[in-house]
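Work through the exercises below with the sequence and the structure at hand. Try each task before reading its solution.

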Amino acid sequence: MGTKFVLREDEIPRQWYNIQADMPTPLQPPLHPATKAPVGPDDLAPIFPMNLIEQEMCTDRWIDIPESVLEKLLLWRPAPLYRAHAFERALGTPAKIYYKHEGTSPPGSHKPNTAIAQAYYNREAGIRRLTTETGAGQWGSALAFACSQFGLECKVYMVRISFEQKPFRKMMMAVWGAECIPSPSDQTAAGRKILAESPDTPGSLGIAISEAVEEAVGRDDTCYSLGSVLNHVLLHQTVIGLEAQKQMKLAGDEPDVVIGCVGGGSNFAGLAFPYVRDRIHGREVRIVATEPKACPTLTRAKFSYDYGDTVGMTPLMPMHSLGHGFVPEPIHAGGLRYHGVAPLISQLVNDQLIEPRAYHQLECYEASVLWARSEGFIPAPETAHAIAGVVEEAKRAKEEGRERVILFNWSGHGLMDLVGYDKYLSGQLSDFELPDADLERFAASMTNFPKPQERRRS
Ligand SMILES: Cc1ncc(COP(=O)(O)O)c(C=O)c1O
């Protein structure tokens, strides 16, 4: 009946797990934005260092974690695994609910697992500055923290709506020595173009990526860093699931269902991929990816080649995408407002190894408030989408009278996101479901792009 399952420092995983080695359908290649030919390492060299490009393309199953990265991860890892006894009681469910607490890192989320690794590899490659985008500010603050650990400069383009809603994250970035500006900005051609077309835009991750990439392309001392979506980012996050597998053994349980929320897909993949591997090799475990109904990428968007950013500077990636011009409603889960999703996750959804589900904002806040009043920790609004998925599974277990073991990723705390809670508690928030007409309108931008193969190749 334990509550907390902790590993010793010497039990931290020493290798990352690369799911590319086990996928039934190999990943289809990214395409050059102009020529539409598969991209090679040199195409990515203007924005990423070669050591990370190699990792992006690597298909080895296990990749060693450098000692300097481990040393930094040990500041907060191994992260604890909890059993949510009080939440189980609050739901009156026979399900056992376990969660991996990724909110214990200095910025308060899973994001530094890759930020630390990316800052390290960039410094090793002689890069002095990094640019990036951020939605809710979690990623920007994680990269600011990581850059301060490795002596790099950091510039963050923050989606304007979050910049206004979440002032404390930009202050955290300033404390760690980074510069944070609202996007779209007048500092890049991409930002100026969008501001001229729609001066009141709330911004989007796609726009902020365009700005950060543009700046990195224009300077030799600067690379771009992405907090999700790419293969190497998801790879760095697998320490979460590898730790969880050891901790579930300590708890004496195995999950029947593994749940995580999906923006670009990194925290979900981090917990889930080691379990997807088990599933590929025959173990019965369901893997559930949750997202907002306002930004229903996995549940309703087309599987297509699309740009990762808004203006079309990045390679075309094979993924579920709402269309690179998609500007989502300003829901509070800023980190889930992205038009695309990791190609690795898209392919695994196509292969029916992952089940996607979508939830409304209000049911997510309701679940989170119940969580805070039972378990104590206040979840980030993104994490709330995983908790909504947990509630659905736990209620089903109750209806069926079955003991079901649920494991989910508690991806971050919401202590910098209290404005959203305040609005929820005072009845100022509403639900939004993307209308079919908007879905079709935004998808039209992908009509002439090459189509990736959809079904499993056997
Ligand atoms: C706490 C938290 N969870 C989840 C996400 C979603 O991102 P990803 O899908 O890459 O994990 C974010 C993104 O900002 C976040 O801050």
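The exercises that follow concern a predicted model.

**Exercise 1. Overall form**

Task: Decide whether the radius of gyration of the protein agrees with that of a compact globule.

Solution:
- Step 1. The protein has 458 residues, and a compact globule with this number would have a radius of gyration near 23 Å.
- Step 2. The protein has 20 Å, which agrees with the value for a globule.
- Step 3. Add the extent: the C-alpha trace spans about 55 × 50 × 50 Å along its principal axes.
- Step 4. Add the burial: 57% of the 458 residues are buried. A residue counts as buried if 20 or more other C-beta atoms lie within 10 Å of its own.
- Step 5. Count the elements: the secondary structure comes to 19 helices and 15 strands.

**Exercise 2. A sheet of four strands**

Task: Find which strands stand at the edges of the sheet, and say why one side of each is left without a neighbour.

Solution:
- Step 1. Write down the order of this open sheet, which is β8-β7-β6-β9, with parallel pairing.
- Step 2. β8 (179–183) and β9 (222–224) are the edge strands; each has a single partner strand, so one side of each has no neighbour in the sheet.
- Step 3. Direction ignored, neighbouring strands are turned by 25° against each other on average.
- Step 4. Look at one pair: β7 (residues 153–159) and β8 are joined by five bridges in the parallel sense. Y157 has I181 in β8 as its bridge partner.
- Step 5. Place the helix: α6 packs on the sheet and touches β6 (129–134), β7 and β8, and its direction makes about 175° with that of β7.

**Exercise 3. Two helices in contact**

Task: Describe how α9 and α10 pack, and list the residues that make the contact.

Solution:
- Step 1. Helix α9 covers residues 189–197 and helix α10 covers residues 205–217; they pack at an angle of about 145°, with axes 8 Å apart.
- Step 2. From α9, the contact uses A189, A190, G191 and I194; from α10, I207, S210, E211 and E214.
- Step 3. Sorted by class, the contact has four nonpolar, two polar and two charged residues.

**Exercise 4. The shell around the ligand**

Task: Which helix gives the most residues to the shell around the ligand?

Solution:
- Step 1. Helices α6 (138–150), α13 (266–280) and α17 (381–400) each supply at least two residues of the shell.
- Step 2. α13 gives the most, with three residues.
- Step 3. Of the 21 residues around the ligand, Q138, S228, G263, G335 and G412 come nearest.
- Step 4. The shell divides into seven nonpolar, 13 polar and one charged residue.

Key
Residues are numbered from 1 along each chain as its sequence is written. This is a predicted model: local features need pLDDT of at least 70, side-chain atom pairs count only at pLDDT 80 or more; totals for chains, interfaces and linings use all residues. Axes are lines fitted to C-alpha atoms, for helices over the stretch in contact, and angles run from 0 to 180 degrees between N-to-C directions. Two residues are in contact if their C-beta atoms, placed from the backbone, lie within 7 Å. Ala, Val, Leu, Ile, Met, Phe, Trp, Tyr, Cys and Pro count as nonpolar, Asp, Glu, Lys and Arg as charged, and the others, Gly among them, as polar. A residue is near a molecule or strand if its C-beta atom, placed from the backbone, lies within 6 Å of it. Two strands pair if DSSP finds at least two bridges between them. The radius of gyration is taken over C-alpha atoms; the globule rule is 2.2 Å times the number of residues to the power 0.38. A residue is buried if 20 or more other C-beta atoms lie within 10 Å of its own, exposed if 12 or fewer, and partly exposed in between; C-beta atoms are placed from the backbone.
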